[in-house]
Each structure stands twice: as structure tokens, then as C-alpha cells.
Amino acid sequence: MAEAVEIFEMGPRDGLQNEKRLIPAPDKIALVDLLSKAGFRRIEVTSFVSPKWVPQMADAPEVMAGINRARGVSYAALTPNMKGYEAARAARTDEVAIFASASEGFSRANLNTSIDDSLDRFRPVAEAAAHDGIPVRGYVSVVTDCPFDGPTPPASVARVAAALRDLGCYEISLGDTIGQGRPETIDAMLSAVLDELPASRLAGHYHDTGGRALSNIDASLARGLRVFDAAVGGLGGCPYAPGAKGNVATEKVAAHLADHGYETGLDADLIRNAASFARQLREASHV
Ligand code: HMG
Ligand code: MG
């Protein structure tokens with residue numbers, strides 16, 4: 001039997017957060033509803049962040065309220081602080097994510113605070129979620145390269161990943177935020193992180209700016225990772241990471257994994273439909 005690899009769908013959140021035109025909530029809901037039928041176990045729907053920082057995600061409560069929840073799918077959202085967490089809980093978010101940076105420069109740009117202060121701010125979120133029985137995922141950004149501070153030392157990634165684990169994150173997603181990672185730098189980073197956490201608790205989150213995301217996924221598979229974040233249509237980018245392009249496209253990763261004998265459980269036709277709908281949303285933004 002083929003070995004399973006999971007793709008965690010990021011399109012509605014990481015994919016759309018950087019679009020300049022405000023995409024109407026019903027379109028976002030339609031995208032999530034298409035994705036819900038495609039076989040994903042986890043879909044990141046939105047972010048409960050400051051609307052001053054990411055205006056595109058200001059409709060998070062409306063989007064969460066409007067989606068048709070499929071049985072067995074966990075609907076996730078980013079929560080940077082207690083205000084976001086409380087809104088996410090009120091919106092019946094199945095799991096939340098806290099997101100830290102491996103570099104000080106990106107931490108300031110994305111969260112307006114240092115790495116250590118961001119971790120302090122996440123503590124009450126993690127505690128409240130544990131109390132409420134809501135799983136928490138953790139992200140580490142700029143795991144190989146930072147647009148502000150240059151190459152990221154693997155030890156910095158391992159330190160932040162361990163801190164997120166200690167806060168109770170069930171899985172840590174390792175973000176090549178600006179898509180500058182190479183198989184060698186991804187491998188060196190994973191070697192350090194694997195001293196802290198087993199591969200079964202790690203995910204690869206690779207943006208495809210440099211066109212190397214699939215090679216970086218291969219390097220990660222070789223290290224034992226079996227969860228990868230991706231966005232249908234290759235949508236995306238981070239508003240606080242200059243040069244960040246889209247997440248690696250879900251359909252590309254699914255086809256690549258199938259070619260290498262892995263089973264994702266995704267329906268290729270439904271993914272194609274969702275990808276073309278996602279691209280229409282983006283094209284409508286760019287006219
Ligand atoms: P701040 O300005 O220092 O926070 O931002 P503040 O506490 O001073 O609040 C400023 C205003 O925002 C206040 O409103 C707050 O009420 C409001 P005012 O009083 O001025 O009217 N506010 C909120 N409103 C709604 N929901 C909230 C919330 N929090 C504050 N949760 C803060 C600090 C963390 C809030 C801000 O920096 C922020 O929201 N950052 C998020 C940035 C973001 O979402 N970036 C993209 C996601 S991360 C990513 O893409 C990387 C990833 O994909 C992995 C990878 O690729 O590496 C995950
Ligand atoms: Mg990202």
C-alpha cells in the first residue's frame with residue numbers, strides 16, 4: 001500500500017491574505033466549500049489578526065460562520081494573541097495556530113515584537129486553547145532565509161520550534177516564507193530541528209518563489225516529514241515578507257507525490273476545480 005502524505009490546504013488564508021483587492025466573503029466561503037469536498041483533513045480558512053495589519057482577513061468571523069463544515073475536516077485559523085483567540089473560539093474554529101519567527105527582523109515586521117516577546121504573547125493563547133480542548137499548531141517563519149536578516153541559523157529555528165513545542169503545539173510547520181530555501185539549507189535546518197522534535201510532529205511550509213519547493217519537499221521527505229502545507233493555484237505570499245510569492249501549489253505537490261508513490265487521498269478533479277476558482281479570484285484582483 002502506498003505511504004500516506006498529508007497536504008494541509010492553505011489557500012483561503014496564506015493564499016488570499018496578500019491580495020490587494022478585498023475579496024468578498026462569499027467568494028472565500030465558496031473556495032473553502034470547494035476544498036471541503038476534495039479530501040483534505042485540514043484547511044486553514046482565515047486569520048483572526050489585526051485588520052489594520054492584514055485587511056484581507058478582517059472578515060474572519062463572517063467566513064467561518066458561512067462555510068459548510070464537512071465531517072472529518074478540521075477548519076483552522078491563525079491567532080496571534082488573546083483577542084484573536086477569543087474571536088476564533090467564538091467562531092467555532094476547530095484548531096488555531098500561533099506563528100513565530102526564527103529571525104528578529106521578520107518577527108518585528110510581522111508581529112511588531114521580538115521573538116521572545118511573541119512567545120510570551122502566545123502563552124495565554126496556548127493555555128486557553130488547552131483548557132478549551134482546541135488543538136494548537138505552531139509556525140516558525142523564515143526557516144532558511146529572512147528578507148531582513150539574511151540566512152537563518154538552523155539553531156535559531158530549532159530553538160523557536162522547541163519553544164512552540166513547549167507551549168503545547170501538536171505540530172510545528174516550518175516556513176520558507178520567501179521561498180529562498182534550497183534542498184541543502186532545508187536539510188541543514190531539519191537536521192537541527194530533528195534534535196528537538198520527531199519528524200512526525202513537523203510539517204514543511206514552502207513558498208515557491210525560487211521554484212525549488214518540490215525539491216525542498218523531496219529533501220524533507222528524505223528526513224521523514226509526511227505533512228506539507230500548500231495552496232491551490234499556488235496563491236499567496238506574506239504581506240510582511242517582501243518578495244514572498246505563493247505557497248507551492250497543492251495540485252503540483254499532489255501530482256509530484258503521486259509520481260513518487262505517495263497517497264494524499266485528494267481528488268485530482270476537485271483540486272483542479274478549486275485551483276481554477278482560486279486563480280479567478282486572484283485574476284479578478286489584478287485587473
Ligand atoms: P500591534 O499593532 O502591535 O498590536 O500588532 P496592538 O495590540 O497594539 O493592536 C493594534 C490594533 O489592532 C488595536 O486596534 C487592536 O485592538 C487591534 P485599535 O485599538 O488601534 O483600534 N488588534 C486586533 N484586532 C483584531 N484581531 C486581533 C487583534 N489584535 C490586535 N487579533 C499584532 C500586533 C500581532 C496584532 C499584529 O502585528 C498582527 O496582527 N500581525 C499579524 C500579521 C499577519 O497576519 N501576517 C501574515 C500571517 S503569518 C504568515 O503568513 C507566515 C506563515 O504563512 C508561515 C510562513 O510562510 O513562514 C504562517
Ligand atoms: Mg506562508
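Of the 26 residues around ligand 1, which come nearest? In this predicted model, the residues that come nearest to ligand 1 are Ser 50, Gly 84, Ser 141, Gly 175 and Thr 177, out of the 26 that surround the ligand. Two or more residues of this shell are given by each of the elements α4 (82-90), α5 and β6. By class, the shell around ligand 1 comprises twelve nonpolar, eleven polar and three charged residues.

Helix α5, one of the elements that contribute to the ligand shell, spans residues 104-111, and its buried residues are Phe 106, Ser 107, Ala 109, Asn 110 and Leu 111. The cover over these buried residues includes β5 (95-101), α6 (115-132), β6 (136-141) and β7 (145-146). After α5 comes Asn 112, a residue with a positive phi near 60 degrees.

Helix α4, which also gives two or more residues to the shell around ligand 1, packs with α6 in such a way that their axes come within 9 Å and cross at roughly 25 degrees. Because angles under 35 degrees count as roughly parallel, α4 is described as roughly parallel to α6. The crossing in which α4 passes α6 is right-handed. On the α4 side the contact is made by Met 82, Tyr 85 and Arg 89, and on the α6 side by Pro 124, Val 125, Ala 128, Ala 129 and Asp 132. The residues of this contact between α4 and α6 comprise six nonpolar and two charged residues, with no polar ones.

A second helix pair is formed by α8 (residues 183-193) and α9 (residues 213-222), which pack at an angle of about 35 degrees with their axes 9 Å apart. The crossing of α8 and α9 is likewise right-handed. In this pair, Pro 183, Ile 186, Asp 187 and Leu 190 of α8 meet Ser 215, Asn 216, Asp 218, Ala 219 and Ser 220 of α9, and the contact of α8 with α9 divides by class into four nonpolar, three polar and two charged residues.

Outside the helices, Leu 16 is placed in the loop between α1 (11-15) and α2 (25-36). Leu 16 counts as buried because 27 other C-beta atoms lie within 10 Å, where 20 or more are required. Leaving aside residues up to four places away in sequence, Leu 16 touches Ile 23, Lys 28, Gln 56 and Leu 235. The C-alpha atom of Leu 16 is separated by 8.9 Å from that of Thr 46, a residue 30 residues apart from Leu 16 along the chain.

Definitions and conventions
Residues are numbered from 1 along each chain as its sequence is written. Chains are lettered from A and ligands numbered from 1 in the order in which they are written. This is a predicted model: local features need pLDDT of at least 70, side-chain atom pairs count only at pLDDT 80 or more; totals for chains, interfaces and linings use all residues. A residue is buried if 20 or more other C-beta atoms lie within 10 Å of its own, exposed if 12 or fewer, and partly exposed in between; C-beta atoms are placed from the backbone. Helices (H or I, at least four residues) and strands (E, at least two) are DSSP runs, numbered from the N terminus. Two residues are in contact if their C-beta atoms, placed from the backbone, lie within 7 Å. A residue is near a molecule or strand if its C-beta atom, placed from the backbone, lies within 6 Å of it. Ala, Val, Leu, Ile, Met, Phe, Trp, Tyr, Cys and Pro count as nonpolar, Asp, Glu, Lys and Arg as charged, and the others, Gly among them, as polar. Axes are lines fitted to C-alpha atoms, for helices over the stretch in contact, and angles run from 0 to 180 degrees between N-to-C directions. Angles under 35 degrees count as roughly parallel, over 145 as roughly antiparallel, 65 to 115 as roughly perpendicular and the rest as oblique. A crossing is left-handed if the near helix is turned anticlockwise from the far one by less than a right angle, and right-handed if clockwise.
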